[in-house]
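Here is a friendly walk through one protein model, written for someone who likes to check side chains and distances. Please have the viewer open as you read.

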Amino acid sequence: MSSWEIFFITLGLTFIFIYWVWIWAIKIDNYSIIDGAWSAGFLVHVAIFLVLAQGYQSRKILFFSMMGLWSFRLAYFLAKRISSHHPKEDTRYEQLRAEYG
(Lines give C-alpha, C1' and ligand atoms only; values in the text may rest on other atoms or scores of the structure.)
Protein backbone atom coordinates (compact mmCIF):
# COMPACT_ATOMS: atom_id res chain seq x y z
CA MET A 1 0.00 0.00 0.00
CA SER A 2 1.41 3.41 -0.95
CA SER A 3 2.02 6.23 1.49
CA TRP A 4 -0.68 8.29 -0.21
CA GLU A 5 -3.26 5.54 0.24
CA ILE A 6 -2.36 5.27 3.92
CA PHE A 7 -2.51 9.06 4.23
CA PHE A 8 -6.02 9.20 2.78
CA ILE A 9 -7.16 6.33 5.02
CA THR A 10 -5.93 8.17 8.11
CA LEU A 11 -7.39 11.44 6.82
CA GLY A 12 -10.80 9.83 6.40
CA LEU A 13 -10.68 8.17 9.81
CA THR A 14 -9.59 11.43 11.41
CA PHE A 15 -12.47 13.28 9.78
CA ILE A 16 -14.96 10.71 11.07
CA PHE A 17 -13.42 10.66 14.56
CA ILE A 18 -13.31 14.46 14.95
CA TYR A 19 -16.82 14.75 13.50
CA TRP A 20 -18.20 12.47 16.22
CA VAL A 21 -16.24 14.29 18.91
CA TRP A 22 -17.67 17.56 17.59
CA ILE A 23 -21.21 16.10 17.79
CA TRP A 24 -20.48 15.06 21.39
CA ALA A 25 -19.10 18.57 22.12
CA ILE A 26 -22.33 20.10 20.83
CA LYS A 27 -24.36 17.74 23.01
CA ILE A 28 -22.46 18.62 26.19
CA ASP A 29 -21.91 22.25 25.12
CA ASN A 30 -18.17 22.11 25.81
CA TYR A 31 -15.85 22.31 22.81
CA SER A 32 -12.70 21.91 24.91
CA ILE A 33 -12.84 18.16 24.39
CA ILE A 34 -11.68 18.68 20.82
CA ASP A 35 -8.16 19.37 22.12
CA GLY A 36 -7.92 16.02 23.86
CA ALA A 37 -9.37 14.16 20.90
CA TRP A 38 -6.98 15.88 18.50
CA SER A 39 -3.95 14.79 20.49
CA ALA A 40 -5.24 11.22 20.86
CA GLY A 41 -5.74 11.08 17.10
CA PHE A 42 -1.98 10.97 16.55
CA LEU A 43 -1.84 7.62 18.32
CA VAL A 44 -4.37 6.27 15.84
CA HIS A 45 -2.37 7.67 12.92
CA VAL A 46 0.92 6.09 13.93
CA ALA A 47 -0.81 2.78 14.67
CA ILE A 48 -2.22 2.73 11.13
CA PHE A 49 1.17 3.56 9.64
CA LEU A 50 2.81 0.90 11.84
CA VAL A 51 0.50 -1.76 10.47
CA LEU A 52 0.14 -0.67 6.83
CA ALA A 53 3.36 1.15 5.86
CA GLN A 54 6.36 -0.49 4.30
CA GLY A 55 9.80 -0.19 5.86
CA TYR A 56 12.02 -1.55 8.57
CA GLN A 57 9.88 -2.93 11.36
CA SER A 58 12.28 -1.80 14.09
CA ARG A 59 12.17 1.81 12.84
CA LYS A 60 8.40 1.73 12.60
CA ILE A 61 8.16 0.42 16.16
CA LEU A 62 10.58 3.08 17.41
CA PHE A 63 8.60 5.82 15.66
CA PHE A 64 5.32 4.39 16.97
CA SER A 65 6.73 4.29 20.49
CA MET A 66 7.93 7.89 20.43
CA MET A 67 4.79 9.30 18.83
CA GLY A 68 2.55 7.04 20.87
CA LEU A 69 4.07 8.14 24.17
CA TRP A 70 3.89 11.80 23.20
CA SER A 71 0.29 11.47 21.99
CA PHE A 72 -0.81 9.54 25.06
CA ARG A 73 0.93 11.95 27.45
CA LEU A 74 -0.62 15.00 25.80
CA ALA A 75 -4.09 13.42 25.55
CA TYR A 76 -3.93 12.37 29.21
CA PHE A 77 -2.83 15.83 30.35
CA LEU A 78 -5.51 17.58 28.31
CA ALA A 79 -8.26 15.15 29.36
CA LYS A 80 -7.31 15.63 33.00
CA ARG A 81 -7.31 19.43 32.66
CA ILE A 82 -10.54 19.54 30.64
CA SER A 83 -12.39 17.21 33.00
CA SER A 84 -11.28 19.21 36.04
CA HIS A 85 -12.84 22.36 34.55
CA HIS A 86 -15.99 20.72 33.12
CA PRO A 87 -18.65 22.03 32.59
CA LYS A 88 -16.72 25.31 32.22
CA GLU A 89 -15.34 25.59 28.72
CA ASP A 90 -11.86 26.78 27.76
CA THR A 91 -11.90 30.56 27.36
CA ARG A 92 -10.40 30.34 23.87
CA TYR A 93 -13.50 28.58 22.59
CA GLU A 94 -15.81 30.98 24.43
CA GLN A 95 -13.99 33.91 22.83
CA LEU A 96 -14.13 32.37 19.34
CA ARG A 97 -17.88 31.83 19.61
CA ALA A 98 -18.40 35.35 20.98
CA GLU A 99 -16.43 36.92 18.12
CA TYR A 100 -17.51 34.73 15.22
CA GLY A 101 -20.88 33.36 16.28
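Let us start with the rings. This is a predicted model, and it holds 8 aromatic pairs. In one of them, Tyr-19 and Trp-20 have ring centres 5.5 Å apart and planes at 75°, so the pair is edge-to-face. Planes over 60 degrees apart count as edge-to-face, which is why the angle settles the class here. Trp-20 is exposed, with a relative accessible area of 55%, while Tyr-19 is partly exposed at 38%.

The rings of Phe-72 and Tyr-76 have another geometry: their centres are 6.4 Å apart and their planes are at 20°, so this pair is stacked. Both residues belong to helix α3, which covers residues 57-85, and they are 4 residues apart, about one turn of the helix. Phe-72 counts as exposed at 54% relative accessibility, and Tyr-76 is exposed too, at 51%. The cut-off for exposed is over 50%. There is also an aromatic cluster made of Trp-4, Phe-7 and Phe-8.

**The nonpolar patch**

Where on the surface do nonpolar side chains gather? A nonpolar patch with about 1200 Å² of accessible area is formed together by Met-1, Ile-9, Leu-13, Phe-15, Ile-16, Tyr-19, Trp-20, Trp-22, Ile-23, Ile-26, Val-51 and Leu-52. The elements that contribute two or more residues to this patch are α1 (3-28) and α2 (33-52). Helix α1 provides the largest share, with 9 residues. One member of the patch is Phe-15, which sits in helix α1 and is exposed, with a relative accessible area of 60%. Tyr-19 and Trp-20, the edge-to-face pair described above, are also among the patch residues.

Helix α1 has a buried residue to look at as well. Thr-10 is found in α1 and counts as buried, at 5% relative accessibility. Setting aside neighbours within four places in sequence, Thr-10 is in contact with His-45, Ile-48 and Phe-49. Of these contacts, Ile-48 is listed among the buried residues of α2.

**Helix α2 and the loop before it**

How far does α2 reach from its first C-alpha to its last? The helix has 20 residues and spans 29 Å, close to the 28 Å expected at 1.5 Å a residue. Its buried residues are Ile-33, Ile-34, Asp-35, Gly-36, Ala-37, Ser-39, Gly-41, Val-46, Ile-48 and Leu-50. These buried residues pack against α1, α3 and α4.

The loop between α1 and α2 offers two residues worth a click. Asp-29 is placed in this loop, and its phi is near 55°, a positive value in a residue other than glycine. Asp-29 counts as partly exposed, at 48% relative accessibility. Ser-32 is in the loop between α1 and α2 too, but it is buried, with a relative accessible area of 2%. Is Ser-32 buried or exposed, in terms of the cut-off? Buried means under 20% relative accessible area, and Ser-32 has 2%. Leaving out neighbours within four places in sequence, Ser-32 is in contact with Ile-82, Glu-89, Asp-90 and Tyr-93.

**Salt bridges**

How many salt bridges are there? The count comes to 2, and both pairs are set out here.

| Acidic residue | Basic residue | N to O distance |
|---|---|---|
| Asp-35 | Arg-92 | 2.6 Å |
| Glu-94 | Lys-88 | 4.0 Å |

The bridge between Asp-35 and Arg-92 links distant parts of the chain: Asp-35 lies in helix α2 and Arg-92 in helix α4 (residues 91-100), 57 residues apart. Asp-35 is buried, with a relative accessible area of 14%, whereas Arg-92 is partly exposed at 43%. In the other pair, the side chains of Lys-88 and Glu-94 meet, and Glu-94 counts as partly exposed at 33% relative accessibility.

To bring α2 together: Asp-35 is one of its buried residues, and its side chain meets Arg-92 in a salt bridge. The buried residues of α2 pack against α4 as well as α1 and α3, and two α2 residues, Val-51 and Leu-52, belong to the nonpolar patch.

Note on methods
Residues numbered from 1 in each chain as written. Predicted model: local features only at pLDDT ≥ 70, side-chain atom pairs only at ≥ 80, totals over all residues. Heavy atoms only, no water. Patch = residues over 30% accessible without salt bridge, like charges linked within 9 Å, V, L, I, M, F, W, Y side chains within 5 Å. Areas by Shrake-Rupley, 256 points an atom, 1.4 Å probe, with all protein chains shown as cover. Buried < 20%, exposed > 50% of the residue type's maximum accessible area, 1.4 Å probe, protein only. Phe/Tyr/Trp six-rings, centres within 6.5 Å; stacked < 30°, edge-to-face > 60°. Contact = heavy atoms within 4.5 Å. Expected span 1.5 Å × (residues − 1).
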